[in-house]
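Subject: Salt bridges in the structure we talked about

Hi there,

Here is the structure I promised to pass on. Have a look at it first, and then read my notes on its charged side chains below.

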Amino acid sequence: MAVSNAFVGCPKLETLLNHHTLSSTSTLQTPLGLIGVPRNNRTRRGLIHRARCELSPSESATISALEQLKNSAPDRYTKERSSIVVIGLSIHTAPVEMREKLAIPEAEWPRAIGELCGLNHIEEAAVLSTCNRMEIYVLALSQHRGVKEVTEWMSKTSGIPVSEICQHRFLLYNKDATQHIFEVSAGLDSLVLGEGQILAQVKQVVKVGQGVNGFGRNISGLFKHAITVGKRVRTETNIAAGAVSVSSAAVELALMKLPESSHASARMLIIGAGKMGKLVIKHLVAKGCNKMVVVNRSEERVTAIREEIPGVEITYRPLDEMLASAAEADVVFTSTASESPLFLKEHVETLPPASPEIGGVRLFVDISVPRNVGSCVNEVETARVYNVDDLKEVVAANKEDRLRKAMEAQTIIAEESNQFEAWRDSLETVPTIKKLRAYAERIRMAELEKCMSKMGDDINKKTTRAVDDLSRGIVNRFLHGPMQHLRCDGSDSRTLSETLENMHALNRMYGLEKDILEEKLKAMTSGQQK
């Protein structure tokens with residue numbers, strides 16, 4: 001069915017109507033003819049939401065059509081709620097080769113949020129990109145179309161075909177999405193069960209997102225609640241006690257691959273003195289290594305680490321001496337934010353063999369994503385490369401010890417998930433509260449004007465103020481009861497249910513839903529005209 005002339009000159013709405021006019025459509029009478037209107041609420045909502053055409057006076061018929069469209073099912077439209085969706089790839093579902101192409105540096109998170117929220121069916125967004133996962137959290141007007149748009153965006157930014165992403169991604173919606181980020185923050189979804197670094201990374205998402213347009217109330221509330229959950233799980237279950245981190249697992253893996261007799265004498269090189277590199281150094285020291293070389297962009301961080309760990313010989317080397325330092329090392333740990341490999345086959349094949357004590361084979365333990373060491377290095381006979389995916393071998397033995405604590409953590413997560421969902425439900429009443437107050441204020445002002453006109457022009461300011469205060473006090477007393485029944489802290493599911501029933505009743509009695517729709521439509525058209 002073609003789009004009626006009512007929408008000619010409004011390309012985005014015209015395209016959406018043509019695209020969505022399928023077999024499941026009903027007809028809508030407009031001043032200029034019939035158009036197909038999808039019966040599906042999410043499709044209708046996405047259609048209206050994206051119809052952001054700059055309207056001129058000659059296109060007033062479009063507004064009339066929109067008015068009829070939004071009035072066709074106002075009750076169903078206003079009850080429709082967007083979905084929280086996670087589109088993710090993690091160490092459990094995707095190889096490091098794919099994750100590193102999808103990885104988004106922290107400095108690029110605000111840009112990514114802006115691009116995601118520019119998609120047709122995405123309202124809010126957040127990015128959680130670490131060495132073990134790349135997850136996009138969105139508030140979507142339509143689950144299906146939102147997932148499709150985000151997946152295509154991921155493909156465009158990474159160069160990975162959509163079909164390949166779909167093979168390795170996982171999708172979670174609403175309560176399942178909430179539970180997932182809570183498990184992530186608690187360290188239950190990490191390669192190393194109970195590891196603490198992920199909580200800091202979740203905190204960083206909130207820190208970076210502050211003030212970013214698109215990191216909205218639902219998604220920011222989700223991540224803030226996840227931080228609370230992560231802290232609570234660690235406090236109440238002690239799941240992090242004895243837990244290994246990615247850095248400590250890297251040290252364990254290196255020592256597993258070395259002859260035991262060489263543990264104290266093997267020459268250690270750490271490239272990168274950030275958080276991960278610092279932890280590698282600490283774990284090496286804990287294993288009895290008291291001499292190592294650290295290559296870093298600046299010496300300040302290395303000096304700070306040296307002061308923090310006295311009694312250990314830590315030698316600093318600048319980046320331009322990295323290859324020379326690697327030539328003198330038996331084990332090379334890499335943990336930098338470089339987006340291109342630091343070591344390739346041509347770099348490593350020119351290096352002399354490692355010490356005879358370790359068999360002459362140099363170990364590269366790369367815990368960076370994107371990787372710092374190319375897989376081609378494994379083609380060199382005197383080198384072996386291990387990355388974050390190889391750490392599973394180390395952590396398998398440690399996992400069983402914390403399974404009981406993980407079960408305790410799940411109880412906490414279930415409780416917190418219910419509280420978050422209740423909080424989201426309570427947000428539904430906010431527009432009704434605002435509209436009810438505005439409705440009452442309009443009536444108050446109209447009646448006040450009538451009263452003042454009857455009293456004449458010679459009344460003094462004191463009397464005017466007294467009458468105004470009187471009318472305001474009556475309205476506030478009248479609204480007190482309804483407002484109390486529209487507020488809910490989410491701690492009681494029965495109270496929450498009653499609150500939502502009260503909201504719908506007030507919407508029907510005072511016609512507030514139409515006001516809400518009117519506001520949304522005005523916001524859409526004015527947003528394009530600015």
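Please keep in mind that this is a predicted model. I went through the salt bridges, and there are 22 of them in the structure. Here are the ones I would like to show you.

Let me start with helix α6, which covers residues 109–117. Glu-115 and Arg-111 sit four residues apart there, about one turn of the helix, and they form a salt bridge whose closest N and O atoms are 2.9 Å apart. Glu-115 is partly exposed, at 34% relative accessible area, and Arg-111 is partly exposed too, at 37%.

Next comes helix α19, residues 430–455. Glu-441 pairs with Arg-444, with 2.8 Å between the closest N and O atoms. Three residues separate Glu-441 from Arg-444 along the helix, about one helical turn. Glu-441 is partly exposed, with a relative accessible area of 29%, whereas Arg-444 has just 4% and counts as buried, because the cut-off for buried is under 20%.

Helix α19 also holds Glu-447 and Lys-450, again three residues apart and about one turn of the helix. Their salt bridge has its closest N and O atoms 3.5 Å apart. Glu-447 is partly exposed at 44% relative accessibility, and Lys-450 is partly exposed at 48%.

Finally, a group rather than a pair: salt bridges link Arg-232, Glu-236, Glu-415 and Glu-416 into a network.

Happy to talk it through whenever it suits you.

Best wishes

How values were computed
Residues are numbered from 1 along each chain as its sequence is written. This is a predicted model: local features need pLDDT of at least 70, side-chain atom pairs count only at pLDDT 80 or more; totals for chains, interfaces and linings use all residues. Side-chain values use heavy atoms; hydrogens and water are left out. A salt bridge is a side-chain nitrogen of Lys or Arg within 4 Å of a carboxyl oxygen of Asp or Glu. Helices (H or I, at least four residues) and strands (E, at least two) are DSSP runs, numbered from the N terminus. Buried means under 20% relative accessible area, exposed over 50%, partly exposed in between (1.4 Å probe, protein chains only).
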